[in-house]
Structures are given as C-alpha cells and as structure tokens.
Amino acid sequence: MSTYTWLEAILFPQVRINEQRLLQHLSGKTIIITGASSGIGEALAVRLSNMPVHLILIARREQKLIELKNSIAAKGKAKVSVYAADLRQADEMEALLLWLEAVPGGIDIIVSNAGKSIKRSIFASLDRYHDFTRTMAINYLAPVQLMLALIPVLEEKKGQIINVSTINMLLQPFPHWSAYLASKSAFDQWLRAAAPELRARDVKVTTFYLPLVRTPMIEPTASYKSMPAMSPEHVAAHISKAMYTHKRAFKPWWLWPAEWLSFFK
Ligand SMILES: NC(=O)c1ccc[n+]([C@@H]2O[C@H](COP(=O)([O-])OP(=O)(O)OC[C@H]3O[C@@H](n4cnc5c(N)ncnc54)[C@H](OP(=O)(O)O)[C@@H]3O)[C@@H](O)[C@H]2O)c1
C-alpha cells in the first residue's frame with residue numbers, strides 16, 4: 001500500500017480484513033471486474049490473486065489484461081480469464097454477454113468499475129455533445145446492460161453486485177463535472193431503485209461512494225496532485241472486505257462535514 005501523509009492517514013483509516021473469512025467466502029467463486037486494466041480494478045485483481053477464485057478481467061487494453069493475468073497466474077492460486085472489449089460498442093458488448101453466458105458455473109460477483117471521467121466547463125462543452133454520450137455509454141448504459149444480462153445468474157447463485165461510484169453522488173454537484181456526475185448519478189439511481197427488488201431475491205448490492213483515489217483517472221487534473229487521495233490498493237482492500245460483510249454502502253467517515261462544505265464551494 002502506498003505511503004499516506006498524516007492527513008490521508010486520518011481521512012482514510014486502515015481496514016482490518018479477516019483473511020480466513022474472506023477465503024472461506026470466496027473459495028470457488030467467479031468474480032467479474034470491469035475496468036481491470038488499471039487503477040482500482042487492477043488493484044482489486046491483485047488483491048484477490050491469492051484466493052482460489054476465477055477472476056474475469058474486462059477492459060479495452062488487451063495487452064494490459066494479459067500482463068496482469070500472467071503476473072497473477074505466476075502465483076498459482078487464482079484462475080484468470082481476460083476479455084478485451086469496449087463496453088460502449090454494441091457488437092462488442094453482445095459478444096461479451098454471449099461469452100459470459102457460457103462461463104462454466106456462472107457468475108457470483110460483479111464489480112462494476114469501468115468508467116470514464118471528464119472535467120470540462122459547460123461553456124467549453126457547447127460543441128461537445130459527444131462528451132455526454134460517451135460518459136453515459138460507459139458509466140450508465142454499459143453497466144445497466146451488463147446487469148440486465150447477469151441478474152438471472154446472480155439470483156440463482158445468491159450473488160453480489162458491487163458498484164464503484166463516487167462520494168459526489170452524496171454532495172452538492174460540482175461545476176465543470178456535469179458529464180461525469182450526470183452519468184455516474186444515472187447508474188447510482190438505477191441501482192438504488194433496483195436494489196430492494198434484488199435484495200428481496202438474495203442478490204446483495206454494495207455501492208462504494210469513493211473520495212479521490214490516486215489512479216490514472218485523476219492524473220489530468222493538476223490540482224488533484226496535492227489533494228489527499230486514497231490509494232487504489234486501500235480501496236481494493238475495502239472492496240474485498242465487502243465481499244464477505246455484504247455492507248450496503250461504503251462512505252468515508254467524514255462525509256457529513258464534506259456534505260456541509262459542498263454547499264459553500
Ligand atoms: N480515481 C478516482 O478519484 C475515483 C473516485 C471515485 C470513483 N471512481 C470510479 O472508479 C472507477 C475506476 O476508475 P479508476 O480511478 O481506477 O480509473 P482508471 O485507472 O482510469 O480505470 C478505468 C478503467 O475503466 C476501463 N474503461 C474505460 N472505458 C472503458 C470502455 N469503454 N470499455 C471497457 N473498459 C473501459 C479502463 O480500461 P481500458 O482503458 O483498458 O479500457 C480502466 O481499466 C470508475 O468507475 C470511476 O468513476 C474513481
């Protein structure tokens with residue numbers, strides 16, 4: 001885990017994981033991670049690589065996925081399958097869904113993590129409608145399509161959906177983030193509306209309302225370099241813990257002052 005500053009250590013306290021419980025709970029399970037080629041998804045795959053699980057890693061960059069698969073395979077514990085697809089492309093998504101249907105034993109957990117962020121003023125976006133269609137395609141429509149296809153098997157396996165979302169869903173909206181926040185909100189609302197029905201049929205639903213995380217996603221925003229951020233490995237540890245606690249939401253402990261402060265931004 002990367003070294004935190006004193007402020008980060010306070011904001012992001014360590015997580016205790018009962019490795020035995022995690023092992024018992026995950027043994028033999030099949031786990032999909034979308035967006036596994038970098039950042040949080042990659043860190044989660046590495047975190048689970050010592051478990052006797054079948055990891056299905058999905059993203060566009062096949063070479064990155066293959067390198068990750070090879071490094072996990074070298075440990076000799078987890079089975080890894082990789083599937084390279086652009087989840088915004090209808091034909092690639094359809095082929096993926098067909099492939100997933102044929103996975104022996106079905107799917108137990110899906111971590112919906114693939115995503116794209118855009119920071120741009122609305123006045124710089126007037127001729128960029130594609131920013132909105134692209135973010136909706138990957139942050140909303142792709143996970144909805146995946147879930148619709150997987151809900152039957154998740155119901156059968158009493159599985160779990162884990163959504164990697166942002167703390168901004170719980171704060172006042174920030175200017176310059178309209179494309180990203182609208183698309184993340186759409187899926188957050190979709191899942192919140194579906195969750196009671198899913199839980200009634202024994203499908204667990206967990207949403208991670210994450211603060212800033214030090215991944216390639218935040219690199220283009222210069223001001224984030226000096227801001228406190230969680231490490232992707234730390235997030236991965238929390239996600240793995242949620243796989244046996246089945247907690248419904250992860251929110252930073254300092255959410256309430258952040259909510260209050262977001263009124264004055
Ligand atoms: N970093 C933060 O501060 C932060 C905070 C809150 C929430 N989040 C959420 O965390 C999730 C993971 O982000 P990250 O920070 O780990 O960023 P990241 O390192 O940029 O990872 C994004 C992942 O999504 C995949 N992806 C993007 N577009 C895709 C597409 N069209 N089809 C398939 N895969 C696609 C990328 O793989 P390819 O490029 O290989 O396709 C990559 O593996 C996102 O949903 C993000 O909204 C991040």
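Author: The expected span of a helix is 1.5 Å times one less than its number of residues; helices (H or I, at least four residues) and strands (E, at least two) are DSSP runs numbered from the N terminus. The model is predicted, with local features requiring pLDDT of at least 70 and side-chain atom pairs pLDDT 80 or more, while totals for chains, interfaces and linings use all residues. Residues are numbered from 1 along each chain as its sequence is written, and side-chain values use heavy atoms, without hydrogens and water.

Reader: How far apart are the end C-alpha atoms of helix α6?

Author: Helix α6 covers residues 129-157, 29 in number. At 1.5 Å a residue, these should span 42 Å. The computed separation agrees with that expectation: 40 Å.

Reader: At which residue does α6 have a kink?

Author: The bend at a residue is the angle between axes fitted to the seven residues ending there and the seven starting there. In α6 a kink of about 45° comes shortly before the proline P152. Its position is L150.

Reader: Which residue's side chain forms a polar contact with that of N139?

Author: N139 lies in helix α6 and is buried at a relative accessible area of 4% (buried is under 20%, exposed over 50%, partly exposed in between; 1.4 Å probe, protein chains only). Its side chain also reaches the backbone oxygen of K116 at 2.8 Å. The contact between side chains is 3.0 Å (N or O atoms within 3.5 Å, one able to donate a hydrogen and the other to accept it; residues adjacent in sequence count only if both atoms are side-chain atoms), and the partner is S183.

Reader: Is D188 buried or exposed?

Author: D188 is found in helix α7, residues 178-200. Leaving aside residues up to four places away in sequence, D188 touches N163, M169, T207 and Y209 (heavy atoms within 4.5 Å). At 2% relative accessibility, D188 counts as buried.

Reader: Which are the edge strands of the open sheet?

Author: Seven strands pair in parallel, in the order β3-β2-β1-β4-β5-β6-β7 (pairing takes at least two DSSP bridges). Each edge strand pairs on one side only, and they are β3 (79-84) and β7 (249-250).

Reader: What angle does the direction of helix α4 make with that of β3?

Author: Strand β2 (residues 54-59) pairs with β3 over six bridges, and I58 has Y83 as its bridge partner in β3. Helix α4 (residues 62-73) packs on the sheet and touches β2 and β3. Between N-to-C directions (0 to 180 degrees; lines fitted to C-alpha atoms, for helices over the stretch in contact), the angle with β3 is about 180°.
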